[in-house]
Amino acid sequence: MGRIKMIYFDNSATTKVAPQALETYIKVSNQIWGNPSSLHAAGEHAFGLLEQARLQIANLMGVEQDEIFFTSGGTEGDNWVVKGTAIEKRIHGKHLITSSVEHPAVLNSMVQLEKLGFEVTYLPVNENGQVSVQDLKDAIRPDTILVSIMAVNNEIGTIQPVDKIAEILKNYPKIHFHIDAVQGIGKGIQQIIMNNRVDFVTFSGHKFHAPRGIGFMFKRRGRKLAPLMSGGGQEKNLRSGTENLPAIAAMAKSLRLLLEEEKTKVAKQLEIKKFIYDYVTKFPKVTMFSQMTSEFAPHILCFTIDGVRGETIVHAFEEHGIYISTTSACSSKKHVVSGTLNAMNIPEKVATSAIRVSLDEHNSLAEAQTFVDVFEQLYHQFEKINS
């Protein structure tokens, strides 16, 4: 029997490293291995490449070179903004605002700060997993120091109204505004994310075909943030530690490739999403949480086959060479009910059946056709078992 060709529909968990990015990583590792902080020629060469990568990313994001800082990924970036703001601005207030559907990197940072005496308002969400701008406005207090809202929900794909929140926060210039854009990069919403009121935006390289363990953060010039990593003073004394230059250079290459012909790539993902959406929603025991509206990202579909646990569905698809996940990859192996669906007041019995299909620009309609063919086969198998 021949080997089943893999169909990878779990791109919100991680993406395959782009061949050109991997080539860059290897080349830099082999040829430019000096420490960027060293004074000798090898160090200066490394420093030059570091700043070249920083400039390229800044240009691609439409910001200034000194507003880009390198991290190990989204988790570090989120922790840094949340806790760094709390440390830096604690004399001005101890109140923070976030949503109830954030990534654990934000939510768990907030919980940790609550144990240290900070107060956190967790905004509820509607049936689409979206926060109310009015709720946010009502939650602002004189001692509020941070608003942290993700751009795109990693479980069901909701796009949060970060542009409208930015408009509200123009009246509160002292409050830090952070956007977790890990799922939002390359999805046609950069103008929403990088608006002129946002102060901090965090990104993770492995979500857009860069190596794992690298990311970057936009920090608006003039905004103060306490460092979490203390040491040799790299990244303008804000994030110490020898820079991961091969991964940084590879990430800059991946970002450039990602944003080339972005509209075409987004349209392709949207077409595939609609194809799958239109097909699976015909089945009576399917509950769909992601929608085909402008309030949802083009690459994420979250739904259930009622009465079948999510991990059972995932492994059934895997036997056919199709890789999907149960909502967030961070919690799937822990058998934790989706935090987003829980915040949407979806009954636990339904939420435990949730699965996520997440696309990227390399997926095809042919793969989607195979997916729906397998879906119908599995659906009827589960129907027989549960009848």
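## Strands, helices and hollows in a predicted model

Strand E7 (residues 200-204) and strand E8 pair in the antiparallel sense over five bridges, where strands and helices are DSSP runs numbered from the N terminus, a helix (H or I) having at least four residues and a strand (E) at least two, and where two strands pair if DSSP finds at least two bridges between them. The structure described here is a predicted model, in which local features need pLDDT of at least 70 and side-chain atom pairs count only at pLDDT 80 or more, while totals for chains, interfaces and linings use all residues. Residues are numbered from 1 along each chain as its sequence is written, and side-chain values use heavy atoms, with hydrogens and water left out.

Within the pairing of E7 and E8, Phe200 stands opposite Lys219 in E8. E8 is also joined by four bridges to strand E2 (residues 68-71), and these two strands run antiparallel, with Ile68 standing opposite Phe218 in E8. How many of the five residues of E8 are buried? Five of the five residues of E8 (residues 215-219) are buried, so this strand is largely enclosed by the rest of the structure; buried here means under 20% relative accessible area, exposed means over 50%, and partly exposed lies in between, with a 1.4 Å probe and protein chains only. In a regular strand the side chains alternate between the two faces of the sheet. In E8 both faces are covered, since Gly215, Met217 and Lys219 on one side and Phe216 and Phe218 on the other are all buried.

A second group of strands can be followed from strand E10 (residues 300-305), where six of the six residues are buried, so that E10 is largely enclosed by the rest of the structure. Ile300, Cys302 and Thr304 point one way from E10, Leu301, Phe303 and Ile305 point the other way, and all are buried. On one hand, strand E9 (residues 286-288) and E10 pair in the antiparallel sense over three bridges, and Met288 stands opposite Phe303 in E10. On the other hand, E10 and strand E12 (residues 354-358) pair in the antiparallel sense over five bridges; here Leu301 has Val357 in E12 as its bridge partner, and Cys302 stands opposite Arg356 in E12. Taken together, these form an open sheet of three strands in the order E9-E10-E12, with antiparallel pairing. The edge strands are E9 and E12, each of which pairs on one side only, and neighbouring strands of this sheet are turned by 30 degrees against each other on average, direction ignored.

Helices accompany this sheet. Helix H15 (residues 365-386) lies across E9, E10 and E12 and runs at about 20 degrees to E10; for such angles, axes are lines fitted to C-alpha atoms, for helices over the stretch in contact, and the angles run from 0 to 180 degrees between N-to-C directions. In helix H11 (residues 310-318), the buried residues are Gly310, Ile313, Val314, Ala316 and Phe317. They cover an arc of only 165 degrees around the axis, which puts them on the same side of H11, the arc being that of the directions from the helix axis to the C-beta atoms. The buried residues of H11 pack against E10, strand E11 (322-323), E12 and H15.

Elsewhere, Ala139 belongs to helix H5 (residues 133-139) and is buried, with a relative accessible area of 13%. Leaving aside its neighbours within four places in sequence, Ala139 is in contact (heavy atoms within 4.5 Å) with His95, Ile97, Thr121, Leu123 and Thr144.

The last subject is empty space. The largest pocket holds about 530 Å³ of space, and of the 22 residues that line this pocket, Asn11, Lys16, His209, Asp360 and His362 lie nearest its centre. On a 1 Å grid over the protein atoms alone, a pocket is an open set of points with protein on both sides within 12 Å along at least five of seven lines, a cavity is a set of points where a 1.4 Å probe fits but cannot get out, and lining residues have an atom within 4 Å of a point. Grid points are joined across faces, edges and corners, and a volume is the space filled by probe spheres set on the points. The largest share of the lining of the largest pocket, three residues, comes from helix H9.
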